[in-house]
Amino acid sequence: MGNNQHPSNIRDNKIELLVCKSGAENCKEHLLIINQCYSDANTFHLEKDYLNSIESLRNAFLMTCDLRHDSCVECANLFRTTIADSLENINRELHILTKGMIKKKRYIKSYKKSCAVLDDVKREIKKIS
Ligand SMILES: [Zn+2]
């Protein structure tokens, strides 16, 4: 097995598969934007454009924080967890890329950004829950 994973597997979008408990009546527009940002983030990640990937995840996260209908509390929490997981993965990946014998300087900025955004996201999740 090489690392030529099929794109459709990589692009498997967990958020898109989630169903809003209230039939997306109150979150349809939020959901559209969240999914758009989330799938952009996946695409940027595939292209190793980490800065834009992190930024897209941050935008998706901010949109979930704006989703305040009582009927959507659970789906918003689930979206936030999924986005935090993605950020965690990117953070881990960048950590590896910036450590070791040959430090890849071009990833340091991305790594710092991923740490900062992940901290913000975790703090926000704690505050909400
Ligand atoms: Zn909903």
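# Chatting through a six-helix chain

Student: Which residues touch the most other members in the largest nonpolar core?
Tutor: Those are Ile34, Leu57, Ala60 and Ile83, out of the 24 residues in that core. Keep in mind that this is a predicted model.

Student: OK, and which helices supply at least two residues of this core each?
Tutor: Helix 3, helix 4, helix 5 and helix 6 (108-128) each do. Helix 5 gives the most, with seven residues.

Student: Why would nonpolar side chains be buried together?
Tutor: It's a general tendency in soluble globular proteins.

Student: Back to Ile83. What does Ile83 touch?
Tutor: Leaving out residues up to four places away in sequence, Ile83 touches Tyr38, Leu57, Ala60, Phe61 and Thr64.

Student: Let's zoom out. How many helices and strands does the chain have?
Tutor: Six helices and zero strands. Reading from the N terminus, the elements go α-α-α-α-α-α.

Student: And how much of the chain is buried?
Tutor: Buried residues account for 28% of the 129 residues.

Student: What about contacts between residues at least 6 apart in sequence, how many of those join residues at least 24 apart?
Tutor: That comes to 63% of them.

Student: Switching to helix 3 and helix 4: at what angle do their axes cross?
Tutor: Roughly 165 degrees, and the axes come within 8 Å. Helix 3 covers residues 28-46, while helix 4 covers residues 50-65.

Student: So are they roughly parallel or roughly antiparallel?
Tutor: Roughly antiparallel, because an angle over 145 degrees counts that way.

Student: Is the crossing left-handed or right-handed?
Tutor: The crossing of helix 3 and helix 4 is left-handed.

Student: Which residues meet there?
Tutor: On the helix 3 side, they include His30, Ile33, Ile34, Cys37 and Tyr38. On the helix 4 side, Ser56, Leu57, Ala60, Met63 and Thr64 are among them.

Student: And what classes of residue make up that contact?
Tutor: The contact of helix 3 with helix 4 has nine nonpolar, seven polar and one charged residues.

Student: New topic: where does Leu78 lie?
Tutor: Leu78 is in helix 5, which spans residues 73-98.

Student: Is Leu78 buried or partly exposed, and why?
Tutor: Leu78 is partly exposed, because it has 16 other C-beta atoms within 10 Å, and being buried takes 20 or more.

Student: Last one. How far apart are Leu78 and Thr64?
Tutor: In sequence they're 14 residues apart, and in space they're 9.5 Å apart, going C-alpha to C-alpha.

Key. Residues numbered from 1 in each chain as written. Predicted model: local features only at pLDDT ≥ 70, side-chain atom pairs only at ≥ 80, totals over all residues. Axes fitted to C-alpha atoms, helices over the stretch in contact; angles between N-to-C directions. Helix = DSSP H or I, 4+ residues; strand = E, 2+ residues; numbered from the N terminus. Parallel < 35°, antiparallel > 145°, perpendicular 65-115°, else oblique. Left-handed = near helix turned anticlockwise from the far one by under 90°. Contact = placed C-beta atoms within 7 Å. Nonpolar A, V, L, I, M, F, W, Y, C, P; charged D, E, K, R; others polar. Buried ≥ 20, exposed ≤ 12 C-beta atoms within 10 Å, placed from the backbone. Core = buried A, V, L, I, M, F, W, Y, C linked by C-beta atoms within 7 Å.
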